[in-house]
Amino acid sequence: MSTNSPVQLLKSYIGGEWTLPATSSEIFEAINPATEDVCAQVALCGPDDADRAVRAAHAAFGGFAALTLDERIALTEKLIAVFEARYDEMVTAITTEMGAPLDLSRDAQAECGPGHLRETITAARAMAWEKPMGGHAMLVHEPVGVCVLITPWNWPINQLAAKIGPALIAGCTMVLKPSEIAPLSAQLFAEFIDAAGFPAGVFNMVHGTGAGIGDALTGHPLVEMVSFTGSTRAGVHVAKTAAETVKRVSQELGGKSANIVFADADLPKAIARGVRHCFENAGQSCNAPTRMLVEASVYDEAVALAAAAADKIKVGDPREPGKHIGPVVSKVHFAKIQRLIEAGIAEGARVVAGGPGKPEGFEQGYFVKPTVFADVTNQMTVAQEEIFGPVLVMIPFADEAEAIAIANDSPYGLAGYVQSDDLDKARRVARLVRAGSVHINGAGQDYGSPFGGYKQSGNGREWGEFGLHDFLEVKVVNGFRAS
Ligand code: NDP
């Protein structure tokens, strides 16, 4: 595979300027997971840079919050225009940094950018920003203040746009710390914001690690809110640090979502769809349907169908067009997935597709075999831990009550999936699954619907009007109206 020279990301974006880290001289090398080449060299900021960025956001807050909603929408519309003009650059950046195949990067990963920004504008226009209350009061919504946004690498633009869009529209100022594993898309997004002409300091981006600058950002006394997407482990740490100064913390964390397949579903369709969905983005989606629960009477048939569907999934070079899956994001992540596949085997689960090791012909790059485990119990490690790779586990259930019990027997509660031709039953089950979103028979989710989790999957709701509320305070002004 050919190599390009790495992109130099030596400057962060603070107070409207591209600026070198003040004291840190640490360089992080981001790796293209398909080629194992260095794709970017990132100058990592230190705590003093984090402090500078927060102070720039703090200085910009009053002026930006005072703009009218129409003025903030106009700036965001410019951002969408810049994004669309440079869309192909974003597609390439995502594919290069985290290995999503081109079609997925273009049709879904990058598309989340303009998609969320547009939907946030629509929601803001429809929202009641002020609402009379009681005899004389007025309820008003106001921006929370300076926000710290921390994002992971797996759907990088989805997470950026789902935070930055509502923060901007709400009138907040912000400091973004993207995952340094996927810095190219965040760098481009920062360039787009710069080109759109937002006032200096409204948006700041610091490249850096969680260990290096996480606490400096999330514990900063001038920060009012932290919006975090990532692992539950890091989310807990962030919440503890933010608690010292009583910040609002919105968390979008991991998942281990159940896909309940009843015997009355269109089995071939439901199983193939479930397998494809689980493996999309090489299984690196927080809401992936990774536990397939199948009614016992059709379990063997479902296992055979799932194995056949997994065998059909092609692994391939992400730079090629097509519906194949790419590599997983890093060497460390590859090793974690392998360890979990081995744990499944050691605990007695039966491999019916894929298994340990790399697919044939893919010695270079972090490619994983699409893997399906049958004969899984919900107590096994592969059923409890988020694997975040192309690994599906299949668990039988006896009846509706047991299906619901297994689905809810997880520390997570991000999503749920129900497959049945009996819509009344599907609705009944959907209501009882403890998760932030449930999908019946393959229904997708619009950008305007809230996205977030129950239990250890988090406590925020992003997207659309719910996403805006994460970044808004409510104030009641008594005596606002003559009584
Ligand atoms: P991590 O939690 O490791 O990292 C996420 C972000 O948090 C990175 O920018 C990371 O920086 C940063 N971070 C890590 N530790 C700290 C800290 N102590 N203080 C501040 N920031 C910190 O997750 P991954 O990047 O590995 O992402 C995958 C995870 O994200 C999965 O568990 C997945 O389920 C979850 N996720 C959840 C979604 C949801 O909406 N619920 C959506 C997408 C993903 P650094 O890389 O330097 O450590």
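**Start at helix α4**

Select α3 (87-98), α5 (112-126) and α6 (156-170): they are among the elements that cover the buried residues of α4. Now colour α4 itself, residues 102-109. Its buried residues are Asp 103, Leu 104, Ser 105, Ala 108 and Gln 109. Keep in mind throughout that this is a predicted model.

**The β6-β7 hairpin**

Move on to residues 130-133, strand β6, and residues 137-143, strand β7. The two run antiparallel and are joined by four bridges. Find Met 133; opposite it, in β7, stands Ala 137. Three residues separate the strands of this hairpin. Click on Gly 134 in the turn: its phi is positive, about 55°.

**Aromatic pairs**

Show the rings of Phe, Tyr and Trp. How many aromatic pairs does a search of the whole structure find? The count is eleven. Pick Phe 64 and Phe 198 from among them: they meet edge-to-face, with 6.3 Å centre to centre and 65° between the planes. Phe 64 belongs to helix α1 (residues 47-66), while Phe 198 sits in the loop between α7 (183-196) and β10 (203-205), so this pair ties together parts 134 residues apart in sequence. Are these two rings buried or exposed? Both Phe 64 and Phe 198 are buried.

Stay on Phe 64 and add Arg 72. The charged end of Arg 72 sits over the Phe 64 ring, 5.9 Å from its centre.

Next, select Phe 83 and Tyr 87. This aromatic pair is tilted, with 6.1 Å centre to centre and 50° between the planes. Phe 83 is buried, at a relative accessible area of 0%. Tyr 87 has a relative accessible area of 16% and is also buried. Add Phe 189 and Phe 192 to the selection: together with Phe 83 and Tyr 87 they form one aromatic cluster.

**Two domains**

Zoom out and colour by domain. Domain 1 takes residues 9-253 plus 457-477, and domain 2 takes 258-448. Their C-alpha centres lie 30 Å apart. The contact between them takes 31 residues from domain 1 and 34 from domain 2.

**The seven-stranded sheet**

Show strands β13 to β20 as ribbons. Which order do the strands of the open sheet follow? Reading across, it is β15-β16-β17-β14-β13-β19-β20, seven strands with mixed pairing. At the edges are β15 (350-353) and β20 (437-440), each pairing on one side only. Neighbouring strands are turned against each other by 25° on average, direction ignored.

Now isolate β14 (residues 291-295) and β17 (residues 391-397). They pair in the parallel sense over five bridges. Label Leu 293, then look across to Ile 395, its bridge partner in β17.

Bring in helix α15, residues 423-432. The helix packs on the sheet and touches β13 (258-261), β19 (415-419) and β20. The direction of α15 makes about 165° with that of β20.

While you are here, show Lys 425 and Phe 262. Lys 425 lies over the face of the Phe 262 ring, at 4.3 Å from the ring centre.

**Helix α11 and Ala 309**

Select residues 299-312, helix α11, and pick out Ala 309. At 13% relative accessibility, Ala 309 counts as buried. Which residues is Ala 309 in contact with, leaving aside its neighbours within four places in sequence? They are Ala 272 and Val 275. Now draw a distance from Ala 309 to Val 351. The two are 42 residues apart in sequence and 14 Å apart in space, C-alpha to C-alpha.

**Two positive phi angles**

Most residues other than glycine have a negative phi. Here are two exceptions.

Go first to Val 246. This residue has a positive phi of about 50° although it is not a glycine. Val 246 lies in the loop between α9 (232-243) and β12 (248-252). With 73% relative accessibility, Val 246 is exposed.

Finish at Asn 441, in the loop between β20 and β21 (454-455). Asn 441 is not a glycine either, yet has a positive phi of about 50°. Its relative accessible area is 32%, so Asn 441 is partly exposed.

Note on methods
Residues are numbered from 1 along each chain as its sequence is written. This is a predicted model: local features need pLDDT of at least 70, side-chain atom pairs count only at pLDDT 80 or more; totals for chains, interfaces and linings use all residues. Side-chain values use heavy atoms; hydrogens and water are left out. Two strands pair if DSSP finds at least two bridges between them. Axes are lines fitted to C-alpha atoms, for helices over the stretch in contact, and angles run from 0 to 180 degrees between N-to-C directions. Contact means heavy atoms within 4.5 Å. Rings of Phe, Tyr and Trp (its six-membered ring) pair if their centres lie within 6.5 Å; planes under 30 degrees apart count as stacked, over 60 as edge-to-face and the rest as tilted. Buried means under 20% relative accessible area, exposed over 50%, partly exposed in between (1.4 Å probe, protein chains only). A charge sits over a ring if NZ of Lys or CZ of Arg is within 6 Å of the ring centre and within 35 degrees of the ring normal. Domain bounds come from an automatic or database domain assignment.
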